[in-house]
Amino acid sequence: MSLLVVGSIAYDTIETPTARRENVLGGSAPFFAYAAGFFCPVQMVGVVGADWLPEYTEMFQKHGVDTSGIEIVPDGKTFRWSGKYHKNMNDRDTLETQLNVLGTFQPKLPENYRRAQFVFLANGAPSTGLAALEQIQGADLVAADTMNLWINTTRPDLDALMKRIDGLVINDSEAMMLTGEINTITAARKVSAMGPKFVIVKKGEHGAVFVSEYETYVVPAFPVENVVDPTGAGDAFAGGMMGYIASQQGNLDGETIKNALVYGTITASFGIEGFSFDRYKEICRSDIDERREDFRKMTSF
Ligand code: AMP
């Protein structure tokens, strides 16, 4: 099985109420790819500049992520994003976005990526996702993420993308923005009517909801006591979820979907315990399974 992700690769500057980190590895594709890498082999497509550190390529390769789809622009600078978290560590403000090489990114998929069975179009311009899809034949499952920026600035592209995907993973405020609906389930159904067969609405520390025509599943968030940096939690949730589905050969029965939601939740819960990839680098699949078992005990009645 093969799981492909296309998305941003970034150097992030993060401010929390108690700490600040400059130019740490971030971006939607890396967080997704590393999380999915706990479950299955991953192929990552993105663009970086001359400031890309080879140690990151090595980190991904060691973790089962194929990096041959990362384009390095020799005279360019990697995308930069900076954000500041509020006291509640859930809400944040974007302080700065420097698109750099991401601004002109045209994804070119290596030949062996074009038959990927599972595809995730992580946060980035919808036109990038559409350009990647043009190069992929016969995927079993295509899902995507989006954000307020694209909802506000590139709605026609986003509408076209939604007609080409099986699933959309968005957060509650984005679902509201897309539909004008305050109720999560009503909003998810309206988003589904725009194209995707299933919609997963992430609600931060309140968990996530999966909605399709016939099914609704809810999963609470794992209660993390020491939240250090929530950046990338949404991408890691999607990575754990899609990685698990790919590891089950794309079986989409109810049990597999529920397990995928739980694995997404548990994988993301580790990432927020450290900045950037600090915490992920300390753990392996057995840590995820152990926490999954704790979660099962907490949530079975
Ligand atoms: P999340 O916390 O899951 O929303 O993901 C945060 C990641 O998204 C950060 O590492 C950022 O580098 C990346 N990001 C922020 N803004 C954008 C954007 N406009 N396009 C693509 N990626 C972005």
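Here a colleague and a modeller talk through the ligand site and strand 9 of a predicted model.

Colleague: What makes the pair between the ligand and the side chain of Asp12 a polar contact?

Modeller: A polar contact needs two N or O atoms within 3.5 Å. An oxygen atom of the ligand is 2.5 Å from an N or O atom in the Asp12 side chain, so the pair qualifies. The side chain of Asp235 also has an N or O atom 2.8 Å from a ligand oxygen, and for Ser8 the partner is a ligand nitrogen, again at 2.8 Å. Of the ligand's 510 Å² when taken alone, the protein buries 92%.

Colleague: Which element gives the most to the shell around the ligand?

Modeller: That is helix 8, with three residues. The shell as a whole divides into nine nonpolar, seven polar and three charged residues.

Colleague: Why is strand 9 described as largely enclosed by the rest of the structure?

Modeller: Because five of its five residues, 141-145, are buried, and buried means under 20% relative accessible area. Leu141, Ala143 and Asp145 point one way, while Val142 and Ala144 point the other.

Colleague: How do you know that strand 9 pairs with strand 8 and with strand 10?

Modeller: Pairing takes at least two bridges. Strand 8 and strand 9 have four, in the parallel sense, and three join strand 9 to strand 10, also parallel, so both cases meet the cut-off. Val119 has Val142 as its bridge partner, and Ala143 has Gly167.

Terms used: Residues are numbered from 1 along each chain as its sequence is written. This is a predicted model: local features need pLDDT of at least 70, side-chain atom pairs count only at pLDDT 80 or more; totals for chains, interfaces and linings use all residues. Side-chain values use heavy atoms; hydrogens and water are left out. A polar contact is a pair of N or O atoms within 3.5 Å; within protein, one must be able to donate a hydrogen and the other to accept it, and residues adjacent in sequence count only if both atoms are side-chain atoms. Accessible areas come from the Shrake-Rupley method with a 1.4 Å probe; for residues, only the protein chains shown count as cover. Helices (H or I, at least four residues) and strands (E, at least two) are DSSP runs, numbered from the N terminus. Ala, Val, Leu, Ile, Met, Phe, Trp, Tyr, Cys and Pro count as nonpolar, Asp, Glu, Lys and Arg as charged, and the others, Gly among them, as polar. Buried means under 20% relative accessible area, exposed over 50%, partly exposed in between (1.4 Å probe, protein chains only).
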